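Here are my notebook entries from a session with this model, kept short for a fellow computational chemist. Pull up the structure and follow along.

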Amino acid sequence: MFSRFKKDTPDARPSQGGAAPAGAPADKAAFARQPAQAPVQQRAAAEAVAADKEKKRKERLTELKVEIHKRLLDDLNLSAIETATEQSLRGEIAALATEALDDMSVALNKEDRLALTQELYDEVMGLGPLEPLLKDETINDILVNGPKRIFIERAGKLELSDVTFRDERHLLRIIDKIVSAVGRRVDESNPYCDARLIDGSRFNCMIPPIAVDGSLVSIRKFKKDKLRIEDLVRFGAFTEEMAAYLQAAVSCRLNIIVSGGTGSGKTTTLNALSSFIDNHERVLTIEDTAELQLQQVHVGRMESRPANVEGKGAVTQRDCLRNALRMRPDRIIVGETRGEEVIDMLQAMNTGHDGSMTTIHANNPRDAVSRLENMVAMSGIEMPLKAMRSQIASAVNLIVQASRLQDGTRRMTSVTEITGMEGDVISMQEVFRFERLGVEPSGKIIGRFNATGIRSAYSDRFRQWGFDLPASIYEPIV
Ligand SMILES: Nc1ncnc2c1ncn2[C@@H]1O[C@H](COP(=O)(O)OP(=O)(O)OP(=O)(O)O)[C@@H](O)[C@H]1O
Ligand SMILES: [Mg+2]
């Protein structure tokens, strides 16, 4: 390998850099450039060789893994696996792998042997190639586009990982393992499915032929340690002044909608906001996939359920919400309002369950209101537009907008109050916003949070409830 590289790039070596004739000082710069370029080329070529070597090493390990995995499935006592401790199982797998390698007369160095037994363990006990990605705390999302392309999201940015499945069958086997663990099935007639991994991560899959180029899998990793208000302030998601305002808003039982695009941080914001709820309150949460982690003592969690294979047994978010109203809640939190449950949510907000919160998929506060209108219209309830708007205006007090900016950062780009109706239109006022000022050459967005100069319409309520926010937090920086 290395000798080939030497042959192909003879003038990469400084001693052979014969482009500049000896004794031609006229082109000093060109002469000086020659040796400086050589190490760069050498390094690039060496890197290419190393990458090629690493690729070959991985391919060989994969082949070995397939072979040994087959043998493991034959040799391992699968019924004993259930009760075995992790340590003894790892020992057993390592021993069987060593035996198989000896049989095949393959010698591996210690590092490769450890990597191989880890991967075998993940295959037998876990989710195969997904395991290292699931364990990596810096990864938020895992997105599989067919067996050979697995993308990951880190710090708000998508990147292609170097992890792959062997082939579509391998990927399907792991999908099957996940969905069968929650009593579901994917096949020709049921080609997509939602599930939750053992660690709480949200999982969705869609298999061929609906997924054209191989199965599609999306995983939102579950974070045990949810981001708290302090963390979000530290990461620049919003300012301390905005946090003080939000604390007053939650404590004074405003009805709040967190609006945002996909993966913009809606659930994270909702979870963080819930930390301001008083510990004595009874909070009921309703979600399609339980992600919220409230810190209060008195929390009742509900998770909706899709219909089973025979089309029976569905329990929708709306069913949960209607039932929740009979469960003496102080507050109701709906993870995401996306359908007919909107009617009951608005009614709950209007009829004594103030302090309720939810998220909505929308790109700005005005859009969020339009989404609410659309959802009400789609739920089949016939209502004049004005009546519908006035119901929304009296139900919702505050919309906070979560956004994922192009540079991957997540910010609360707007805090907007709903103040009532003016004619047929819902009136709103923005109290805080994120102002974009420019972009650094690196792509990082330059901007700042600012107050708009408008005092909260709820200032009196805040004061009456003991949250005397200083007038200065509403003053804009100019
Ligand atoms: N301000 C932030 N700084 C850094 N990471 C964040 C921030 N907000 C959220 N995240 C991370 O971004 C990921 C997506 O967040 P989250 O699940 O809250 O988004 P979402 O808008 O609810 O997404 P979806 O539309 O898929 O439900 C999570 O892994 C979360 O930990
Ligand atoms: Mg969410």
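**Entry 1: H11 and H12**

I started with helix H11 (residues 317-324) and helix H12 (residues 341-350), which pack at an angle of about 25° with their axes 8 Å apart. That angle makes H11 roughly parallel to H12. I noted the crossing of H11 and H12 as left-handed. From H11, the residues that take part are Gln317, Arg318, Leu321 and Arg322, and they meet Glu341, Asp344 and Met345 of H12. Sorted by class, this contact has four charged residues, two nonpolar and one polar. A reminder to myself: the model is a predicted one.

**Entry 2: H12 and H14**

I stayed with H12 and looked at its other partner in my notes, helix H14 (residues 385-395). The axes of H12 and H14 come within 8 Å and cross at roughly 55°. That makes H12 oblique to H14. The crossing of H12 and H14 is left-handed. On the H12 side I listed Leu346, Met349 and Asn350, and on the H14 side Gln391, Ile392, Ser394 and Ala395. I counted four nonpolar and three polar residues in the contact of H12 with H14, and no charged ones.

**Entry 3: H4 and H5**

Next I moved to helix H4 (residues 86-103) and helix H5 (residues 110-125), whose axes come within 10 Å and cross at roughly 120°. Why do I call H4 and H5 oblique to each other? The range for roughly perpendicular runs from 65 to 115 degrees and roughly antiparallel needs an angle over 145, so H4 and H5, at roughly 120°, are oblique. Their crossing is right-handed.

I then wrote down who meets whom. H4 brings Leu89, Arg90, Ile93, Ala94 and Ala97, while H5 brings Leu116, Thr117, Leu120, Tyr121, Val124 and Met125. The residues of this contact divide into nine nonpolar, one polar and one charged.

**Entry 4: domains**

I checked the domain assignment, which gives the protein chain domain 1 (42-125), domain 2 (127-223) and domain 3 (229-474). The C-alpha centres of domain 2 and domain 3 lie 29 Å apart. How many residues of domain 2 are in contact with domain 3? I found 10 residues of domain 2 in contact with nine residues of domain 3. On the side of domain 2 that touches domain 3, six residues are charged, two are polar and two are nonpolar.

**Entry 5: ligand 1**

With the domains in hand, I turned to ligand 1, which has 16 residues around it. The closest are Asn140, Gly265, Lys266, Thr267 and Thr268. Which helix gives the most to the shell around ligand 1? I noted helix H10 (residues 266-274), which contributes three residues. Both domain 2 (127-223) and domain 3 (229-474) supply at least three residues each to the shell. By class, I have eight polar, four nonpolar and four charged residues in the shell around ligand 1.

**Entry 6: backbone oddities**

I closed the session with the backbone. Most residues other than glycine have a negative phi, and most peptide bonds are trans. Two places caught my eye against that background.

Where does Ala155 lie? I found Ala155 in the loop between strand E2 (150-154) and strand E3 (157-160). Ala155 has a positive phi of about 45°, although it is not a glycine.

My other stop was the peptide bond from Pro208 to Pro209, which is cis, with omega near 5°. I placed Pro209 in the loop between strand E5 (202-206) and strand E6 (216-220).

Methods
Residues numbered from 1 in each chain as written. Chains lettered and ligands numbered in written order. Predicted model: local features only at pLDDT ≥ 70, side-chain atom pairs only at ≥ 80, totals over all residues. Near = placed C-beta within 6 Å. Helix = DSSP H or I, 4+ residues; strand = E, 2+ residues; numbered from the N terminus. Nonpolar A, V, L, I, M, F, W, Y, C, P; charged D, E, K, R; others polar. Domains from an automatic or database assignment. Axes fitted to C-alpha atoms, helices over the stretch in contact; angles between N-to-C directions. Parallel < 35°, antiparallel > 145°, perpendicular 65-115°, else oblique. Left-handed = near helix turned anticlockwise from the far one by under 90°. Contact = placed C-beta atoms within 7 Å.
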